[in-house]
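Work through the following exercises with the sequence and the three-dimensional structure open beside you. Try each task on your own before you read its solution.

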Amino acid sequence: RTGSDFMVDVIKSLGFEYIVSNPGSSFRSLQESFINYGGNKSPEWLTCCHEESSIGMAHGYAEVEGKPLLAMAHSTVGLQHAAMGIYNAYAGRVPVYIVLGNTLDVAERRPGVEWNHSAQDAAAMVRDYTKWDDCPVSLTHFAESAVRAYQIAMTLPRMPVVIVADSGLQEKGVNPHEKLRIPKLTLDAHPQGDSGSV
């Protein structure tokens, strides 16, 4: 098993129905795991032609369904394309859940595209208009962050969140002796006035 197979288990636990994405090499392992390991079901992969349309679809879905759709973006260039859509979701208080591929370790980057499209702090360019972001460094950290991101996105005021999925973490094999667990998702109740007072 690869790390991306476990990441798929984590994402499946959150109940996403669809993934919208313009495929990119920074999350090639995750895409393969969604299709082959996860059976392309719950979530089902929907290929988009551009990241802005991916975020637009996620925005519209969340407005109608009241819950996030998973959107994936390819590192720096994908996030730049998605940025205006993310800002629109932020301004509209819409819970868009973004997984961003990136290759953090320079020793892991292949020449050309991976050098040009990777960053030390990949989520920095949208941090001012997202509610929360994280860059997990282990599979345990990914599981905790992925569940926390969903909780934060769905807590009022709802807003976009970003999880950076490092390509090295995706592609590394899972240690069979490592005790990986997926935290249980619990959502906060919306604040409301006391019914007697109202």
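In strand 3, the bridge partner of Ile-19 is Leu-70. This pairing belongs to a predicted model, in which local features need pLDDT of at least 70 and side-chain atom pairs count only at pLDDT 80 or more, while totals for chains, interfaces and linings use all residues. Residues are numbered from 1 along each chain as its sequence is written, and side-chain values use heavy atoms, with hydrogens and water left out.

**Exercise 1. The sheet**

Task: Starting from the pair Ile-19 and Leu-70, work out which strands are joined and in what order the strands of the sheet lie.

Solution: Begin with the terms: helices (H or I, at least four residues) and strands (E, at least two) are DSSP runs, numbered from the N terminus, and two strands pair if DSSP finds at least two bridges between them. Strand 1 (residues 18–21) is joined to strand 3 (residues 70–74) by 3 bridges, and these strands run parallel. Next, follow strand 3 to strand 4, with which it pairs in the parallel sense over 5 bridges; here Ala-73 stands opposite Leu-100 in strand 4. The whole is an open sheet of 6 strands in the order 2-1-3-4-6-5, with parallel pairing. Strand 2 (44–47) and strand 5 (132–134) are its edge strands, each of which pairs on one side only.

**Exercise 2. The cover of strand 4**

Task: Decide how many of the residues of strand 4 are buried, and which residues lie on each of its faces.

Solution: First fix the cut-offs: buried means under 20% relative accessible area, exposed over 50%, and partly exposed in between (1.4 Å probe, protein chains only). By this rule 6 of the 6 residues of strand 4 are buried. Then sort them by face: Tyr-97, Val-99 and Gly-101 lie on one side, Ile-98, Leu-100 and Asn-102 lie on the other, and both faces are covered.

**Exercise 3. The two sides of helix 3**

Task: Find which residues of helix 3 are buried, and explain why they can be said to lie on the same side of helix 3.

Solution: Start with the helix itself, which spans residues 51–65, has 15 residues and reaches 21 Å from its first C-alpha to its last, close to the 21 Å expected at 1.5 Å a residue (the expected span is 1.5 Å times one less than the number of residues). The buried residues are Glu-51, Ser-54, Ile-55, Ala-58, His-59, Tyr-61 and Ala-62. They lie on the same side of helix 3 because they cover an arc of only 165° around the axis, where the arc is that of the directions from the helix axis to the C-beta atoms. The general rule behind such a pattern is that an α-helix has 3.6 residues a turn, so residues three or four places apart point the same way. On the face turned away from the buried side, helix 3 carries the exposed residues Glu-63 and Val-64.

Now ask what the buried side meets: the buried residues of helix 3 pack against strand 1, strand 3, helix 4 and strand 4, contact meaning heavy atoms within 4.5 Å. As one example, take His-59, which is buried with a relative accessible area of 17%. Leaving aside residues up to four places away in sequence, His-59 touches Asn-88, Ala-89, Val-94 and Val-96. After helix 3 comes Gly-66, whose phi is positive, near 75°.

**Exercise 4. Backbone exceptions**

Task: Find out where the cis peptide bond from Ser-42 to Pro-43 lies, and say whether Ser-75 is buried or exposed.

Solution: Recall first that most residues other than glycine have a negative phi, and most peptide bonds are trans. The bond from Ser-42 to Pro-43 is cis, with omega near 15°, and Pro-43 has its place in the loop between helix 2 and strand 2. Ser-42 also has a positive phi, near 40°, and is partly exposed, with a relative accessible area of 47%. A further cis peptide bond joins Leu-156 and Pro-157, with omega about -5°, and Pro-157 is found in the loop between helix 6 (139–154) and strand 6 (161–166). Finally, Ser-75 lies in helix 4 and has a positive phi of about 45° although it is not a glycine; at 1% relative accessibility, Ser-75 counts as buried.
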